Number of protein chains: 6
Amino acid sequence: MGKYKIIGEPLKNIPWEEKPTDCKEVIWRSNMNPIIKRDHLPTSNSIFNSAVVPFEDGFAGVFRCDDKRREMRIHAGFSKDGVNWDINKEPIKFNCDIEQVKEFEYAYDPRVVWIEDRYYVTWCNGFHGPTIGIAYTYDFKEFHQLENAFLPFNRNGVLFPKKIDGNFAMLSRPSDTGHTPFGDIFYSESNDLEFWGRHRHVMAPRGWWQSTKIGAGPVPIETSEGWLLIYHGVLTSCNGYVYHFGAALLDLEKPWKVIARTEPYLLAPRELYECVGDVPNVVFPCAALTDSETGRIAIYYGGADTVTCLAYTQVDELVEFIKSNSKL
Amino acid sequence: MGKYKIIGEPLKNIPWEEKPTDCKEVIWRSNMNPIIKRDHLPTSNSIFNSAVVPFEDGFAGVFRCDDKRREMRIHAGFSKDGVNWDINKEPIKFNCDIEQVKEFEYAYDPRVVWIEDRYYVTWCNGFHGPTIGIAYTYDFKEFHQLENAFLPFNRNGVLFPKKIDGNFAMLSRPSDTGHTPFGDIFYSESNDLEFWGRHRHVMAPRGWWQSTKIGAGPVPIETSEGWLLIYHGVLTSCNGYVYHFGAALLDLEKPWKVIARTEPYLLAPRELYECVGDVPNVVFPCAALTDSETGRIAIYYGGADTVTCLAYTQVDELVEFIKSNSKL
Amino acid sequence: MGKYKIIGEPLKNIPWEEKPTDCKEVIWRSNMNPIIKRDHLPTSNSIFNSAVVPFEDGFAGVFRCDDKRREMRIHAGFSKDGVNWDINKEPIKFNCDIEQVKEFEYAYDPRVVWIEDRYYVTWCNGFHGPTIGIAYTYDFKEFHQLENAFLPFNRNGVLFPKKIDGNFAMLSRPSDTGHTPFGDIFYSESNDLEFWGRHRHVMAPRGWWQSTKIGAGPVPIETSEGWLLIYHGVLTSCNGYVYHFGAALLDLEKPWKVIARTEPYLLAPRELYECVGDVPNVVFPCAALTDSETGRIAIYYGGADTVTCLAYTQVDELVEFIKSNSKL
Amino acid sequence: MGKYKIIGEPLKNIPWEEKPTDCKEVIWRSNMNPIIKRDHLPTSNSIFNSAVVPFEDGFAGVFRCDDKRREMRIHAGFSKDGVNWDINKEPIKFNCDIEQVKEFEYAYDPRVVWIEDRYYVTWCNGFHGPTIGIAYTYDFKEFHQLENAFLPFNRNGVLFPKKIDGNFAMLSRPSDTGHTPFGDIFYSESNDLEFWGRHRHVMAPRGWWQSTKIGAGPVPIETSEGWLLIYHGVLTSCNGYVYHFGAALLDLEKPWKVIARTEPYLLAPRELYECVGDVPNVVFPCAALTDSETGRIAIYYGGADTVTCLAYTQVDELVEFIKSNSKL
Amino acid sequence: MGKYKIIGEPLKNIPWEEKPTDCKEVIWRSNMNPIIKRDHLPTSNSIFNSAVVPFEDGFAGVFRCDDKRREMRIHAGFSKDGVNWDINKEPIKFNCDIEQVKEFEYAYDPRVVWIEDRYYVTWCNGFHGPTIGIAYTYDFKEFHQLENAFLPFNRNGVLFPKKIDGNFAMLSRPSDTGHTPFGDIFYSESNDLEFWGRHRHVMAPRGWWQSTKIGAGPVPIETSEGWLLIYHGVLTSCNGYVYHFGAALLDLEKPWKVIARTEPYLLAPRELYECVGDVPNVVFPCAALTDSETGRIAIYYGGADTVTCLAYTQVDELVEFIKSNSKL
Amino acid sequence: MGKYKIIGEPLKNIPWEEKPTDCKEVIWRSNMNPIIKRDHLPTSNSIFNSAVVPFEDGFAGVFRCDDKRREMRIHAGFSKDGVNWDINKEPIKFNCDIEQVKEFEYAYDPRVVWIEDRYYVTWCNGFHGPTIGIAYTYDFKEFHQLENAFLPFNRNGVLFPKKIDGNFAMLSRPSDTGHTPFGDIFYSESNDLEFWGRHRHVMAPRGWWQSTKIGAGPVPIETSEGWLLIYHGVLTSCNGYVYHFGAALLDLEKPWKVIARTEPYLLAPRELYECVGDVPNVVFPCAALTDSETGRIAIYYGGADTVTCLAYTQVDELVEFIKSNSKL
């Protein structure tokens, strides 16, 4: 047993590859990357920035599939092993009877989380500008869309896997209409997923790799040391944005309080499938599976806004790294 | 009695000047403009975009007073006649015990409204970017600050003077970090002024004088024809923004439904105190007094982001104008 | 008789005021400025950048009248003395049976010129972006619209008052979609006002007051020394554009050859009606009347994109000034 | 015989490779790509966006060869099979005796077309900004340059292969001075290739992959269903432009009327030679060969603004795809 | 005698007007403003941002005179009373035999200072971009130009009136090529006015009125409390820049150490001659006269980049204000 | 012996690979490229834009190592053969007792040069913006930091390897705060490396590959034909900057006089390690070794702001190329 614990269920069939012996990094890539290629569906331009959860005896997920119109849609998919995926050819059609909300514009960058009795999906939802869409499902077949969480303009809305102080809790990044060149992470609460408030500031961009904007990645992982938040940070080079992974530990009860935050990045674009594609130089973490018994963490991330990739870490190693490389 | 009615209290002492006989406009300016000059307070750089309500046997208000640091603050003030004002030398100090909320950054462009049992103030509140601050007062001496209504970035938050479908209701304009060059009006609800949701889109910028951005002005006025919303619309000339007044009628029960909207503007910068100042070419409506008996409406507006001005109209004339000059 | 001659008709009733004795400028303003105020029409936001020609025993013109939607339209008008104007309340409705051309978007900055047997109007015409509209009239009551001269994006199209080498000839300024921050004057020919070609470059922006962009003003005036072209030149200050007048002499037979061009400006915004208005700091020449007997020239120009003004000069003085202050 | 016909000559020696059995796309790439590498000439930095036609018993072409000054020039070249090319070391020197026109600035993105009795070349020609140059040749040795078609600023000028209503006809994209971030396709006519007019709007950018700007690609192909226009469409990602192929069918007699237009793209940058190079993420179609007997179409396109590539399709398949994936 | 002393010569004939009794400001304007109008010279477009020193029994100065080309030049001038000025019609022609330095591009915003045995002029000098020009004169007739102080891009170079630690000392603001939207004040030394080094950072922009950029104004005034530096600070409104006055006290021996700095501004554009002109909303201090006996200070400043103005203060009052309104 | 001579020491162990027989370029790449990979150090994100000199019986260097915070630092390193390097894990810690100078912000793009009795390092040094840092070392273990050479904003400061006219001499490129989109090379002198002056303009950007900005690369190489300056030139494509190599010959005694300058580039990004990485499409020369006996030149350059590469040329060939491809 490790020094630090993931608070959650065991997941025996979590995808896993051992760390290569010559690897000095705290996170290592799958040898099978990209696990989902851009033309996985006959109609897909690219499949990336996608979310995965344990489901029945395997896994289910919600996948960002830009089609050949380059229209942004999310699709459901299923897998026995978390690596080989059957993705539905048709995008999710949400059940919704709220007049303005049901009019679909676009959907991208989903996250999925189990809270209490069902799965919730959040995503960047077009509503006169990007905002956070919310839906729930029991079976990844029927999805029921609720009110949008916030006014535009917002992106990277991520729910906590359990209520905080009796309320649903969400991280998000207020943005603007286009390719926002700024962005902090905020925290908000709701007792009904319809009305949101108690907005708190969590953290702002900071030096170097995370100097332009930051955004929450996978659903926060509960650990003995706090909420483990893997997030993306963006640097503006003279030839555009570069997206990296970082991580932070947030207070378990007041998650807007940051306990530790990595000064170095955890993963940066290096492989060809991360550096070359529709948006060069992007690694974008969107989901994580965890096994509380072994401390294993499997992270799903988008490469170059084009393909879906997998990387691994272990809770002891990652938490230790965050703590010993933290700057607040 | 007029054709159209203001639904509300009479206000016998409403400031008033008759329309000049040669005036062909639906809104006419006070001869006393600017009624509040930029150096009304010894420490003020400018006093503008301010809100006024009936209070006791006279009037009270909340005033945007930029000081000589050019820092943006709001002050309370009192008047017997609505024209001559005693403005407190010190800015409002809000009572607030919410940790992140009570840290003051800046406050500007207030609105004030009586709802049920007290006065509510909303304003553009600095919270890691502009958002909508909310406070209440009974006496314009003590002000109790509540949670911010939304995540940043937002401006021009205006409460309706009564609940809609049992909820508090607010118009606002999602924005970005700086001098936002875009902006639509949205509608949101809350049953506790803490958690907000049910976001609806109301209207977008449109041709010519309102082509860059629009924002709600005074608290909507309830009339027999719908909510009368006076708003500002902005055009981008090759030498910067020009701010105008327009007006719309919104559905009484579903205020996100626009019944009528003026195609021409109602008032544009023409006087020297509107064209010359800290921000040239601005008229910015922020408050309105109404007398239900006579249908008189007195509009307080900022001139050139420098001084406070007064203009008048009459409900019959204004509603008729909106209806007969509407384009949806 | 002067040293230099205007080649054209006498115009005994040309508007005229003598040069003030203390004036050291080559162009002097009318004491009646602005001769047309912004609210000259009940529906007008502003009347400026307008074109005037002798007509019958008085004058006729085409006027840019932005209405209170801030929509840009052109109206016909008539005057006995060139100073006091009756402007039609309704904008010009062009007869046109060319499918795409007849769909009106907007019209601004007109010029009017008599060529051979009729009056031609050119203006900046909205056609999926600004381009040069052309129409003709015999009576300023009926206007017949022809094909647009060029593909978008173009502005400040000005016809020569007679054919050059057997062809109609036009000056124009290729532009882009918005508040174009660049612009040279080009020359083009057509034998039918429908197909245009033989494009020649005339002159580019140059130092200081004309460093951002330049555009032809009134219809070129034929003189013994060449075509006298009054044009506008724009400087970008740290608070926006400043528009000035300049002048050039063009070769009579090959008008794309510049003989002389003023290094100093001729008129710059100094009066309040030029510095304050919808676009501060603009003087924009659009038309000129000339009397070949006396050499008098009356120039109509827009002030601050808001009002119409009049200025005077004399051909001897102006041509002498251009020649002795020229830099090519 | 197919359902849809190419109206034109047979071309037995058209370059051809059968569609790979696992290919689900309507256009497929050559296995020999890039068929012309960047250093094909000892002095070339890159060879791309080039135009090819049948010539004598083989093929001739005009090639964009940026040299190692990165100066943009066009060269003639010859081939027996359309795949292996002899490109002249020296750029084309145009015969021209029109004073301003003959001054060479730069030349890029050529198209070549046979009309009636000779070959015409059009290209983006530097003339105080980009505009459309025109020349003709009988033998690809001597080229005679005519007047530029339009005033600046224009790009992607493409002649129809026969006269429309008795006139030469051209598609083009009005632009601005630099890396234009907008652009619609327009149609214009001329009876002498010198004077141009009757400008008509054809189509504007639209959702997703073609949301920033569009431009005509190869010379339109006459088919039984209308003019088949392959064009490029550009999306602005947060790391720059991405160029795709699309296609449309235009009315045979009034080619500004769009009959059908692909909602999805036809080809997008996926191969390394399309994603990596002087301008990453560009596929830019510039020429097409057709065989009316088999319906085969061979498309020449630029990869990453660096190399020349070849792709194939078949008229039945392509027209069917356009019709069944059209959105107007 | 006051509490604080100016260390310097008495100046009995310093221009002076008593503070109006109702004035609550620490700096008050002259009733004669603008003391130099824009057309003071027959060739001048504007005269502003000019420098004045005691000279013989009166005053001499160097004046920024933009001519009617809008070319920026500096002229010498003389006055008996410091208010009425004779300005030379011709710009200063510098003696200079350094090859690249003697080529004149443009000159603006001069400062003049007496050091040891002569007058030195510094100004913004065009040298492949703006940098700091230096010259000296004994008589304001002959001016000897030295090497430029720094590489481009720099503005607002101001010499101290005596050597610091044995070296000449200069404040300046590194900038960029255009209307720089940023700028800190730095300090540098030289023992020969040719080679410069020991660069120190003095102060950066800060909240509100001085949030965009700051720049040294008049030559620092030596006082018993430190170097009194009057400077300008710029705020970016949504309609452009607004320039204000502020002041700071710098350490007498290590002038890069700031002792005190005003949080509020001292003077902001309010008068028509400050708000309307070639650049609206500018007050720009450039020179100060001081009388050590009375503590009087007369400040010359530019209004709206168009005219020259005069304002007054008194050392006791000003230093007290700085100290009691300081924020470091 | 060649036609042209390198004036300097022989360097028998200069890294060398013969030119491939099919290579037509004047500069050819090492087959070992990249010779230093991005993860050469366990903590490095990238190692590039680095400087190398002969040292003892091998080589020493200063290396730009961005760490995994993406913080920019410079490290010392040693090598026997110039290809295989031991780079210190810790960045250089400079000895410095100048108060403001010793506060480290960031350091990048170093150059190293031997002058008279020691090695000097120059680099882009953060000091309230980028400027030129200077230090010296005898042993690459202890480094003594001097005053910064100039006020911000400056980059690419390169010392000449011997005094010019008795003074130290430096090339540099004045810049602005961010990813400067402009930049000329200037020359400055100092007799003490503390005070700098006699600024001269050397050369400006020019057509095509060097149209956006240029900057000195390796320390100038003294030859019989003048100072051989290898520099970088930048072109702005529609997807960002492209960096190339060029070269010039400067007058030996007045190095601001350009004798010859390549019109074509010498090397452009073509290999994957130059086109793909943190900043795509960058080759950036930073150092050169020379052997006066053989005329061999080995150039160290950065690839894609990610890795360190090596290329070769020979003085005869290179100087001949510059002379015969020069355009001034």
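What rotation, and what shift along its axis, superposes chain C on chain D? In this predicted model, in which local features need pLDDT of at least 70, side-chain atom pairs count only at pLDDT 80 or more, and totals for chains, interfaces and linings use all residues, side-chain values use heavy atoms, with hydrogens and water left out. Residues are numbered from 1 along each chain as its sequence is written, and chains are lettered from A and ligands numbered from 1 in the order in which they are written.

A rotation of 180° with 0.0 Å of shift along its axis lays chain C on chain D with an RMSD of 0.0 Å, where the superposition is by least squares on the C-alpha atoms of residues with pLDDT of at least 70 in both copies. The two copies are thus related as by a two-fold rotation axis. Their contact (heavy atoms within 4.5 Å) takes 36 residues from chain C and 36 residues from chain D. Of the interface residues of chain C, 100% are also interface residues in chain D, so the two copies meet through the same surface.

The size of an interface is often given as the accessible area lost when the parts come together. Between them, chain C and chain D bury about 2900 Å², with 59% of it on carbon and sulfur atoms; buried area here is the accessible area (1.4 Å probe) that two parts lose on being put together, summed over both. On the side of chain C, the residues that lose the most area to chain D are C:L151, C:F195 and C:H199, which together make up 25% of what that side buries.

Six salt bridges are counted between chain C and chain D, a salt bridge being a side-chain nitrogen of Lys or Arg within 4 Å of a carboxyl oxygen of Asp or Glu. The side chains of C:R200 and D:E147 meet in a salt bridge, at 2.8 Å from N to O. The count of residue pairs in polar contact between chain C and chain D, both at pLDDT 80 or more, is 12; a polar contact is a pair of N or O atoms within 3.5 Å, where within protein one must be able to donate a hydrogen and the other to accept it, and residues adjacent in sequence count only if both atoms are side-chain atoms. Strands β11 (168–174), β12 (185–190) and β13 (195–203) of chain C each supply at least two residues of the side that touches chain D, and β13(C) gives the most, with seven residues. Helices (H or I, at least four residues) and strands (E, at least two) are DSSP runs, numbered from the N terminus. The residues of this side of chain C divide into 14 nonpolar, 14 polar and eight charged, with Ala, Val, Leu, Ile, Met, Phe, Trp, Tyr, Cys and Pro counted as nonpolar, Asp, Glu, Lys and Arg as charged, and the others, Gly among them, as polar.

Strand β13(C) is also joined by three bridges to strand β13 (residues 195–203) of chain D, and these two strands run antiparallel; strands pair if DSSP finds at least two bridges between them. Within this pairing, C:F195 stands opposite D:G197 in β13(D).

A second relation links chain B and chain C, since a turn of 120° and a shift of 0.0 Å along the axis lay chain B on chain C with an RMSD of 0.0 Å. These two copies are thus related as by a three-fold rotation axis. Only 14% of the interface residues of chain B are also interface residues in chain C, so the copies meet through different surfaces. The contact takes 21 residues from chain B and 24 residues from chain C, and the area buried is about 1900 Å², of which carbon and sulfur atoms give 57%. Three salt bridges are found across this interface, and the side chains of C:D39 and B:R270 meet in a salt bridge at 3.9 Å from N to O. Across the interface of chain B and chain C there are also 13 residue pairs in polar contact, both at pLDDT 80 or more. The elements that give two or more residues to the side of chain B that touches chain C are β16 (226–237), β17 (240–250) and α1 (272–275) of chain B.

By contrast, no contact joins chain C and chain F, whose closest C-alpha atoms lie 18 Å apart.
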